[in-house]
Amino acid sequence: HSPPEQLGDKPSETGEVQRKEVCHWPCRCPPVPACTPGVSLVKDGCGCCKVCAKQAGEPCNEADVCDPHKGLYCDYSEDEPRYETGLCAYLVAVGCELNGVYYANGQTFQPNPLYKCLCVSGTIGCTPVFTPRLAGSPCARVTGRKKPGQSICGLGQHKQLQSTNYRLMSAYRSLPLVMKRKCLIQATPWTPCSRTCGIGISSRVTNDNRKCEMKKEKRLCFIQPCLTSMLKKIKIPKGKTCQPTFQLPTAEKLVFSGCSTTQRYKLTFCGVCLDKRCCIPNKSKMITVQFECPNEGFFRWKMMWITSCVCQRICSAPGDIFSQLKLL
């Protein structure tokens, strides 16, 4: 007897090309792999085992799925007529903008020495650049020096140590632990206001919601009016170089996207300096404002209500998501 034909080698009696079976049941899974930073751990296409998702340009099939969190799909167009093996490719989507620079969907870039970022459908995701320190190779400590137990780590080793301590960086510092409805509340810091003058938007990721799910939350922010003539009228105390805060003479309605608030507000704004320092919000609270649109009804937005500002020499550009990061 001749050996049986392998699926995918020859056309079937109907003339259709057969595809190889890549899924087998019952499931037999190897140990769960440890994926490299930035690679998603997902269930394979067979619905069986946890695997590291395939990345852009890597081969894929029904079992080896492409990374769904990066907007990747398996492109079988080059494997005609079998359509059995493909290559992971990005879906056509919008790009991203950061600090005035536009990045295409799927583009990898490094806007900061600490992070490598990826643009996916208008959203930017970043992972640390430095390789985590191996557990078995700590920096040596030598006795007999002026300071007993002094570390002799080199500069490169210190950078590796930094990657294992993300929470020490200001952008990763956790807020005081609070429990709400059996949910441990977590949140990232608010991003800088998208505009230095006029009404802008800042955002954060938090699970402070009914489902305890990490979601993006946005709020309005209003650091300064855009009228330069008004800023020139701010009185700076004698002997000082800065006036941290100021208010308008009267309460006014706020205008956003062609709609105005139903109430008038007397906001506190961050002031100006005679030197090169800039003033940014130091303390604030959250309020809810209601806008009325001509012939379109009402809508509500959360808004940052500034209570105090601080003047400093470090002035970051609006939208700089890395403005607070620094090596400790």
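This is a walk through a predicted model, from its overall make-up to a small sheet, its nonpolar cores and three of its disulfides.

Let us begin with the whole chain. The protein has 328 residues, and 30% of them are buried. Its secondary structure comes to 22 strands and two helices. If you look at contacts between residues at least 6 apart in sequence, 45% join residues at least 24 apart. As for the surface, the protein exposes about 22000 Å², with carbon and sulfur atoms supplying 53% of that area.

A good place to zoom in is a sheet in the earlier part of the numbering you have in view. Strands of a sheet pair through backbone hydrogen bonds, in either a parallel or an antiparallel manner. Here the sheet is open, has three strands in the order E3-E5-E4, and its pairing is antiparallel. Strand E3, covering residues 59-60, and strand E4, covering 72-75, are the edge strands, each of which pairs on one side only. Between E4 and strand E5 (residues 86-90), which run antiparallel, there are four bridges. To find the register by eye, start from leucine 72: its bridge partner in E5 is tyrosine 90.

From there, please move along to strand E15, which spans residues 199-206 and contains serine 203. Is serine 203 buried or exposed? Its relative accessible area is 13%, and because the cut-off for buried is under 20%, serine 203 counts as buried. What surrounds this serine, once neighbours within four places in sequence are left aside? Serine 203 is in contact with Pro189, Trp190 and Thr191, and also with Lys216, Glu217 and Lys218. The second of those groups is of interest for what comes next, as strand E16 covers 215-222.

Now for the nonpolar interior. In soluble globular proteins, nonpolar side chains tend to be buried together. In this model the largest nonpolar core has 19 residues, and the members that touch the most others are Leu254, Leu267 and Met303. Strand E16, strand E21 (278-293) and strand E22 (297-312) are the elements that give two or more residues to this core. E21 provides the largest share, four residues. For a closer view, pick leucine 267. Beyond its neighbours within four places in sequence, leucine 267 is in contact with Leu254 and Met303, and also with Phe222, Phe246, Gln247, Leu248 and Trp305. A second core, separate from this one, has 11 residues, including Cys193, Met304, Ile306 and Cys309.

Finally, turn to the disulfides. The structure holds 12 of them, and three are worth a visit here. One links cysteine 35 with cysteine 52, at an S to S distance of 2.2 Å. This link is left-handed, with -100° about the S-S bond. Cysteine 35 sits in the segment before strand E1 (41-43), while cysteine 52 belongs to strand E2 (residues 50-52), so the bond ties together parts that are 17 residues apart in sequence. Cysteine 35 is partly exposed at 23% relative accessibility, and cysteine 52 is partly exposed as well, at 28%.

The next stop is the disulfide between cysteine 197 and cysteine 226, with an S to S distance of 2.1 Å. This link is right-handed, with 90° about the S-S bond. Cysteine 197 lies in the loop between strand E14 (183-185) and E15, and cysteine 226 lies in the loop between E16 and helix H2 (228-232), so this pair joins parts 29 residues apart in sequence. Cysteine 197 has 22% relative accessibility and is partly exposed; cysteine 226, at 39%, is partly exposed too.

The tour ends back at E21 and E22. A disulfide joins cysteine 279 to cysteine 311, with 2.2 Å from S to S. With 85° about the S-S bond, this link is right-handed. Where does each cysteine of this pair lie? Cysteine 279 is in strand E21 and cysteine 311 in strand E22, so the link ties together parts 32 residues apart in sequence. Cysteine 279 is buried, at 8% relative accessibility, and cysteine 311 is also buried, at 15%. These two strands, as noted above, are among the elements that give two or more residues to the largest nonpolar core.

Terms used:
Residues numbered from 1 in each chain as written. Predicted model: local features only at pLDDT ≥ 70, side-chain atom pairs only at ≥ 80, totals over all residues. Heavy atoms only, no water. Pairing = 2+ DSSP bridges. Buried < 20%, exposed > 50% of the residue type's maximum accessible area, 1.4 Å probe, protein only. Contact = heavy atoms within 4.5 Å. Core = buried A, V, L, I, M, F, W, Y, C linked by side-chain atoms within 4.5 Å. Areas by Shrake-Rupley, 256 points an atom, 1.4 Å probe, with all protein chains shown as cover. Disulfide = S-S within 2.5 Å.
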